[in-house]
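Work through the exercises below with the sequence and the model side by side. Each task is followed by a solution in steps.

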Amino acid sequence: MKNIFNPLYSEEILNRIDKLNSNAKQQWGKMSVAQMLAHCSSFQDIAMGKSFPARDWLGRLIGGFVKPIFYNDKPLAQNMSTIPTILIVEEKEFETEKKKLKQKIITFQNNGPEKCTIHPHPFFGKLTTEQWGKGIYKHLDHHLKQFGV
């Protein structure tokens with residue numbers, strides 16, 4: 001499984017983000033490409049320990065049992081539900097969101113596993129830094145595929 005902490009894989013993701021354009025159409029889901037970039041950026045904030053969404057009852061109940069779906073090598077399901085606090089519904093500006101996400105990925109990768117959050121994932125609970133690295137790559141890959149890159 002690819003890990004965002006590996007410079008080769010973070011570079012791959014950054015190159016794929018560069019292939020997006022503001023007119024890209026989603027292959028599933030409701031977010032525009034700019035909203036997707038903002039969503040991924042908000043998710044980076046969680047992994048970087050800058051945002052701490054509360055765990056809901058369902059995550060507390062089953063999150064620990066299903067958390068391998070976050071970091072295993074099977075693709076995430078299309079139209080999977082998301083953490084409510086990072087569901088982006090307002091319009092966003094494409095270039096601004098693109099720059100913001102790219103910078104957060106670079107910072108996260110450069111900071112390395114030792115700067116990854118120790119706060120539990122809002123649904124899956126406690127994760128190791130390796131699980132976060134794999135999950136971040138998988139999440140970004142999922143949304144980039146959503147827009148055909």
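**Exercise 1. Aromatic pairs**

Task: How many aromatic pairs are there, and how is the pair F43 and F70 arranged?

Solution. The model is a predicted one.
Step 1. The count comes to seven aromatic pairs.
Step 2. A pair of aromatic rings is described by two values, the distance of the centres and the angle of the planes.
Step 3. For F43 and F70 the centres are 6.0 Å apart and the planes stand at 70°. An angle over 60 degrees counts as edge-to-face, so this pair is edge-to-face.
Step 4. F43 belongs to helix α2 (residues 33-47) and F70 to helix α4 (residues 68-71), so the pair ties together parts that are 27 residues apart in sequence.
Step 5. F43 and F70 are both buried. They form one aromatic cluster with F123, F124 and W132.

**Exercise 2. The nonpolar core**

Task: Which residues of the largest nonpolar core touch the most other members, and which element gives the core its largest share?

Solution.
Step 1. The core has 34 residues, and M36 and W132 touch the most other members.
Step 2. The elements that give two or more residues to this core are α1 (7-18), α2, α4, α5 (94-111) and α6.
Step 3. The largest share, eight residues, comes from α2.
Step 4. Leaving out residues up to four places away in sequence, M36 touches L20, M31, H143, L144, Q146 and F147.
Step 5. As background, nonpolar side chains in soluble globular proteins tend to be buried together.

**Exercise 3. Helix α6**

Task: What span should helix α6 have, and is the helix mostly covered or mostly open?

Solution.
Step 1. Helix α6 covers residues 129-146, which is 18 residues.
Step 2. The expected span is 1.5 Å times one less than the number of residues. For α6 this gives 26 Å, and the end C-alpha atoms are 26 Å apart, so the two agree.
Step 3. The helix is mostly covered, with 15 of its 18 residues buried.
Step 4. G148 follows α6 and has a positive phi, near 80°.

**Exercise 4. Two cysteines**

Task: How many disulfides does the whole structure have, and are C40 and C116 buried or exposed?

Solution.
Step 1. A search of the whole structure finds zero disulfides.
Step 2. A disulfide needs two cysteine sulfur atoms within 2.5 Å. For C40 the nearest cysteine sulfur is that of C116, 16 Å away, and C40 is in no disulfide. Seen from C116, the nearest cysteine sulfur is that of C40, and C116 is in no disulfide either.
Step 3. Buried means under 20% relative accessible area. C40 has 1% relative accessibility, so C40 counts as buried. C116 has 6%, so C116 counts as buried too.

**Exercise 5. D45 and I83**

Task: Where do D45 and I83 lie, and what does each touch?

Solution.
Step 1. D45 lies in helix α2. Its relative accessibility is 18%, so D45 counts as buried.
Step 2. Beyond residues up to four places away in sequence, D45 touches K50, S51 and K104.
Step 3. I83 is found in the loop between α4 and α5. With a relative accessible area of 11%, I83 is buried.
Step 4. With the same exclusion of residues up to four places away, I83 touches F43, I46, P53, H121 and P122.
Step 5. I83 and A54 are 29 residues apart in sequence, and their C-alpha atoms are 9.5 Å apart in space.

Note on methods
Residues numbered from 1 in each chain as written. Heavy atoms only, no water. Buried < 20%, exposed > 50% of the residue type's maximum accessible area, 1.4 Å probe, protein only. Phe/Tyr/Trp six-rings, centres within 6.5 Å; stacked < 30°, edge-to-face > 60°. Helix = DSSP H or I, 4+ residues; strand = E, 2+ residues; numbered from the N terminus. Contact = heavy atoms within 4.5 Å. Core = buried A, V, L, I, M, F, W, Y, C linked by side-chain atoms within 4.5 Å.
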